[in-house]
Amino acid sequence: MRTHILLSLLLLVGIIPIPSAYADISQLDCGSDMGVESLEIQSSGSGSVPADKSLQMIGIARNSDGDQMGATIVWYANNGSIDWDGKFSPWSKGEITITACSGNAWANKSISVLQGDNVGVQLLVSSQNLTADEEITLDPRRLDSKGNSAPAFVPSSNWTIPEGSQVKEGLQTTWIPNSNGNHSLKMNAYGFESEVQINVSHGQADSLQIHGAAEINVDDSFEYTLNACDLKLNCWNVSANWSSDLLASDVAGHSVEIFPSSIGAHYLNGSYNGLSTSFSIEVKPGEAVGTTVVFSSQFSEQQEVSSSVIQLQAGVEWQMQVILSDAVGTTWQADNVEWRLNQSEGMAELEHGSNYIFLQNKTGIWDLTISPEGGVPSRYTVEVEPGPAVSWQVSPSLVSTMRVASGNAIDLLVVASDVGGNSFTTDVEWNFESGIGSIKNGSSGNGSYIFTPSKSAILGTIPIAFNTSYGVQFISIELVAGPAAQIQIVFNDESEGSQGQSLYFEIIAQDNNGNPVDFEFSEAVVSCTCGEVTSLDAGEYRVELEFEGTRHSLSVRQDGLPVSVVYVDVSATMFGGMLGNNKQVISIAIFALGGVLLFIALTIFKRSKKVEEDEFEEIPAIPRAAPPLSAFTQPPPLATIQPVPVAVVSPLAVQATAPPVVATLSNAMDLLSPTVDSTPIIETEPASLSNAMDLLGGADEAVLEPIIEEESEEESEEEIQEKIEEEIEEEIEEEIEEVELIASKSGPMTTSGVVLKALPGTVVGEDGWYHGIDGKPLHWEKPQ
């Protein structure tokens, strides 16, 4: 589809007319003279534009005084199009001249048209037909939407070339062929592909080869051919001049047929185009009589004896015959053969006939002498091997028990027995569930196997089956944990917390497959960059979170085992965690503030009682209620200010002659001072926490207010705590500056082009930890 689009764009570019550069300004229609004395052409940017983009031109007209004036400007471009407003759209890349005129004034400006965005690639070659001795130049190009091309960079791995050929890069990229024929060259660049077909013919003949039999019988004939080959060993048949001591005279042609007349070593010569070669032919006697022994059974097809050793199975009836052959290859079965069978223990058999039945139930070695009538006697060694297996036994070959440690392997040996009790090792077909492990052939020959449990195999008994001619057989292997090979750090809850908290964890020894094993940790060194680590019990520890930060390393070092490291994230708390986490600090502050307010309330109450007794000795005592302790001990809410609940003054106590002084938070500072203002002011506004805090903060007001009893809606300590936590979270969220990251080949990259550096253990460009903009580790996941 992309190839069709590219061809359409190239055809479209081909039909766009490209005007030639204007040589005479008088030929342009610049309109009437409007008093424009000079023109100046300006453009945005650096004066260059990609071929698939546009560039806005600005024309500035000036009169004879040099003042800028409005005028109608006519635009022309020698390559591309430009509208009445000066918007230039290029076609071909290169230096383009933009002309602006108005009346008799005109101006030119040169614009550089650059290669546009890639819409395809094209592979150009210096020739599509060459010989194997030559090479061609490759010119990979990248194309934009206007048909402009530019050199393309193609990595070596992005070339698809025929096997045996090569692409050589240098000042020029060349392709060196190997074999002749039609070949395809393909390049891949910028997400596009381009392919070109190349026809390679053979090169100049460099050597000759004669093809034919090196050994023939004297009563046989054979045809020989001559091939010419170039330097790349591309060969082709040629018409040659032939000569030989087996030919009556020299002959010419693409082939020659040899009819030998004598045995021994002979030669055959061939020449072509100034080159020559020689070929040796061995002619064997023609009167040879061959003796061949064949044997078969109910379990086996007939087969020939190819050596002096005949291997047969015990318990099987074998039928033997002798086949004779003459010099020309005619074969027949011998009618009268003497069969003599001898064994080292003295046993002997002698039979005559065309067939011989061989049957032995025990393994051993026999000598068999065959003497066919009219043929050549021959002697064979018969090795009787075990017969078909009827029982199987699998046992470990190096250990005494069927037990293997996780991460190790166990050698198995399969031994079978035939009906005669002859034992022998044999191969079997194994069958077990996926994920249990793998089995492969051992180095001890037949029946030798190596079983390796998988890492996911569960400790305990592993059943394994194997197929036999009598059905499926089963064995069991006990899988036990291997020796300690690594240390695992396991947190009781989680691996992160706040300053002032503690994390509890334990260390566990594991084998190579992750199975826990018993191990006595002696002199284990456990440390953390986040704070002090304390040993609690065997393998159990506590770490104090003293220093805030992400990816603090918690490591365990034990002689004989690799170092184990995990990472701990510690979030910051107020006062660096000295008073606990944020919730604990807030609770302490609430109780401290309540204590201070309680102390102030008691002091004010005592002062107000004393002043009241001094100023109004002649006034009968008016019963009054003391402020409840909850008014001072209850911590004030942070979000809203609630009235402070106090006792109600009886209406009879308000007298015109001598109004009483009532203790409130608003006149707290006056009551605490030696001098008391004697001018009473009656207000109906309840005492609030805001004016009390103003007095405690240094205000000089001293206003006496009557107290009006109200029921205050007190908030619980839990509601106050939740509001405080919400405010803290809002402040933290406002401080966090989100940085938008985009994916690149080198990993996460900011929109400003800064590539984050991968931390140790992280593959560049893959998921993992990177140095953040704020200097703290940042975990990044690569978009799919």
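## A tryptophan and its sheet

W339 stands opposite E351 in β34. That position belongs to a pairing of β33 (residues 337-343) with β34, antiparallel over 5 bridges. Two strands count as paired if DSSP finds at least two bridges between them. Strands themselves are DSSP runs (E, at least two residues), and helices are H or I runs of at least four, both numbered from the N terminus. A word on the model: it is predicted, so local features need pLDDT of at least 70 and side-chain atom pairs count only at pLDDT 80 or more, while totals for chains, interfaces and linings use all residues. Residues are numbered from 1 along each chain as its sequence is written, and side-chain values use heavy atoms, with hydrogens and water left out.

Strands β33 and β34 sit in an open sheet of 5 strands, ordered β30-β37-β36-β33-β34, with mixed pairing. At its edges are β30 (309-313) and β34 (348-352), each pairing on one side only. On average, neighbouring strands here are turned by 25° against each other, direction ignored. For such angles, axes are lines fitted to C-alpha atoms (for helices, over the stretch in contact), and the angle between N-to-C directions runs from 0 to 180 degrees.

## The largest nonpolar core

W339 turns up again in the largest nonpolar core, which has 23 residues. Those with the most contacts inside this core are L312, M320, V322, W339, F358, I370 and V382. At least two core residues each come from β28 (290-297), β30, β31 (318-325), β33, β35 (356-358), β36 (364-372) and β37 (378-385). The most generous contributor is β31, with 4 residues.

A nonpolar core here means a set of buried Ala, Val, Leu, Ile, Met, Phe, Trp, Tyr and Cys residues joined through side-chain atoms within 4.5 Å. Buried stands for under 20% relative accessible area, exposed for over 50%, and partly exposed for in between (1.4 Å probe, protein chains only). As background, nonpolar side chains in soluble globular proteins tend to be buried together.

## Another five-stranded sheet

An open sheet of 5 strands also appears with the order β20-β27-β26-β23-β24, and its pairing is mixed. Strands β20 (215-217) and β24 (251-253) each have a single partner strand, so one side of each is left without a neighbour in the sheet. Neighbouring strands are turned by 30° against each other on average, direction ignored.

Within this sheet, β23 (residues 240-244) and β24 pair in the antiparallel sense over 3 bridges. W242 stands opposite V251 in β24.

## Strand pairs further along

Strand β49 (residues 502-510) has antiparallel pairings with two strands named here. With β47 (residues 486-491) there are 6 bridges, and I489 has I507 as its bridge partner in β49. With β52 (residues 540-544) there are 5 bridges, and F505 is matched by Y541 in β52.

Strand β50 (residues 525-528) has a covered face, V526 and C528, and an uncovered one, V525 and S527. In a regular strand the side chains alternate between the two faces of the sheet. Strand β50 runs antiparallel to β53 (residues 549-557), joined by 4 bridges, and V526 stands opposite V556 in β53.

## Salt bridges

Across the whole structure there are 9 salt bridges, each being a side-chain nitrogen of Lys or Arg within 4 Å of a carboxyl oxygen of Asp or Glu. In one of them, E478 meets R403, with the closest N and O atoms 3.1 Å apart. This pair links distant parts of the chain: E478 lies in β46 (residues 471-480) and R403 in β39 (residues 403-405), 75 residues apart. E478 is partly exposed at 34% relative accessible area, and R403 is partly exposed at 45%.

D139 and R141 also form a salt bridge, the closest N and O atoms being 3.7 Å apart. D139 is partly exposed at 31%, whereas R141 counts as buried at 17%. For E544 and R542 that N to O distance is 2.7 Å; E544 is partly exposed at 21%, and R542 is partly exposed at 22%. Salt bridges with shared partners also join D52, K53 and D117 into one network.

## Aromatic rings

The structure holds 12 aromatic pairs. Rings of Phe, Tyr and Trp (its six-membered ring) pair if their centres lie within 6.5 Å; planes under 30 degrees apart count as stacked, over 60 as edge-to-face and the rest as tilted. F222, Y224 and F279 form one aromatic cluster.

The charged end of R551 sits over the ring of Y567, 3.8 Å from the ring centre. The criterion for this is NZ of Lys or CZ of Arg within 6 Å of the ring centre and within 35 degrees of the ring normal.
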